[in-house]
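I opened my notebook for a friendly look through one structure. I wanted to write down what I looked up, entry by entry.

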Amino acid sequence: MTQATDTGRGVVCRAWYAVLALVIAVAMVIQIVVLVRAGTDVNTATGESGVGVAVRLARLFSYFTIQSNLLTLVLAISLALAPARDGRGWRVLHADALLGIFITGLVFGTVLASLVHHHGIAVWLNAAFHYFAPAWALAGWLLFGPRPRLDWATLGWLFVWPVLWIVYTFAHGAATGWYPYPFLDVTTHGYAIACRNTGAVILLALILLAIMRPLDRRLPTVTW
């Protein structure tokens with residue numbers, strides 16, 4: 001690869017991740033504004049009527065979808081600014097963002113999409129969070145890397161955030177009776193089924209990692 005080609009790919013890489021960051025950032029700002037004005041939270045299938053702004057915002061940031069999009073936003077900004085960025089903490093962020101946004105797209109598309117019916121701006125917000133971000137992040141990772149990045153230490157640390165999210169979700173639900181996703185609702189299903197469903201998502205994460213790590217090793221090295 002010539003220096004000119006490498007420079008050109010670097011420019012395309014920066015632009016690619018800049019687009020991802022812009023879409024997520026704009027969607028996040030619009031969603032917050034809509035929610036503050038008592039509008040629709042694109043993550044919920046039941047509505048938020050009669051709930052105060054503080055509670056609506058707390059619930060918004062309790063969704064795995066929103067947290068994974070925020071991680072992907074930070075990742076995209078960092079790669080748009082410095083495609084060669086590396087380091088232990090950054091590798092964990094990289095792995096968490098990719099795994100989280102892939103799970104977001106897959107779980108929404110296969111389990112949750114039929115439960116929500118959006119109109120107006122909510123259609124576009126839903127598309128940004130649940131379809132565009134996962135697909136664009138996947139394509140960006142395959143095309144531009146950086147890789148290899150998924151070493152065993154990184155894979156160990158990446159589970160800290162998902163485990164904390166699971167603990168928070170069930171603790172918050174026990175205290176308030178609200179759960180971010182129907183398949184985790186202990187009030188409706190009981191702990192046995194809710195934990196089984198959680199286990200299914202964890203299994204999905206392990207399957208994705210079993211695919212991602214070999215790809216990270218075998219696809220062409222991209223370090224910029």
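My entries below go through cysteines, salt bridges, a surface patch and one helix.

**Entry 1: the model and its cysteines**

I noted at the start that this is a predicted model. I looked for disulfides, and the count came to 0. I then checked how well covered two of the cysteines are. Cys13 has a relative accessibility of 1%, so I put Cys13 down as buried. Cys195 sits at 45% relative accessibility, so I wrote partly exposed beside Cys195.

**Entry 2: salt bridges**

How many salt bridges does the count come to? I got 4 salt bridges. A reminder to myself: side chains of opposite charge can pair when their charged atoms come close.

I began with Asp86, which forms a salt bridge with Arg91; the closest N and O atoms are 2.8 Å apart. Asp86 counts as partly exposed at 38% relative accessibility, whereas Arg91 counts as buried at 19%. I wrote the cut-off beside Arg91, since buried means under 20% relative accessible area and Arg91 is at 19%.

Next I looked up Arg88, and found a salt bridge to Asp151 with 3.0 Å between the closest N and O atoms. Which parts of the chain does this pair tie together? Arg88 lies in helix H4 (residues 88-112), and Asp151 lies in the loop between helix H5 (121-144) and helix H6 (152-157), so the pair links parts 63 residues apart in sequence. For cover, I have Arg88 as partly exposed with a relative accessible area of 41%, and Asp151 as buried with 12%.

Asp151 came up again with Arg91: their side chains meet in a salt bridge at 2.7 Å, N to O. Here too the loop between H5 and H6 is joined to helix H4, so parts 60 residues apart in sequence are tied together. Are the two partners Asp151 and Arg91 buried or exposed? I found both Asp151 and Arg91 buried. I then followed the shared partners, and the salt bridges join Asp86, Arg88, Arg91, Arg149 and Asp151 into one network.

**Entry 3: a nonpolar patch on the surface**

I turned to the surface and found a nonpolar patch of about 640 Å². I listed its makers as Leu138, Leu142, Ile202, Leu203, Leu206, Ile207, Ile211 and Leu215. Which helices each supply at least two residues of the patch? I wrote down H5 and helix H8 (186-218). The largest share comes from H8, with 6 residues. I picked out Ile202, which is found in helix H8. With a relative accessible area of 37%, Ile202 is partly exposed.

**Entry 4: helix H7**

My last lookup was helix H7 (residues 160-176), which has 17 residues. From first C-alpha to last, H7 reaches 24 Å, close to the 24 Å expected at 1.5 Å a residue.

I asked which residues of H7 are buried, and got Trp161, Pro162, Trp165, Thr169, Phe170 and Gly173. Why do I place them on the same side of H7? They cover an arc of only 160° around the axis, which puts them on the same side. On the other side of H7, I noted Leu164, Val167, Ala174 and Ala175 as exposed.

Definitions and conventions: Residues are numbered from 1 along each chain as its sequence is written. This is a predicted model: local features need pLDDT of at least 70, side-chain atom pairs count only at pLDDT 80 or more; totals for chains, interfaces and linings use all residues. Side-chain values use heavy atoms; hydrogens and water are left out. A disulfide is a pair of cysteine sulfur atoms within 2.5 Å. Buried means under 20% relative accessible area, exposed over 50%, partly exposed in between (1.4 Å probe, protein chains only). Helices (H or I, at least four residues) and strands (E, at least two) are DSSP runs, numbered from the N terminus. Patches are made of residues with over 30% relative accessible area and no salt bridge: like charges are joined within 9 Å, nonpolar side chains (Val, Leu, Ile, Met, Phe, Trp, Tyr) within 5 Å. Accessible areas come from the Shrake-Rupley method with a 1.4 Å probe; for residues, only the protein chains shown count as cover. The expected span of a helix is 1.5 Å times one less than its number of residues. The arc is that of the directions from the helix axis to the C-beta atoms.
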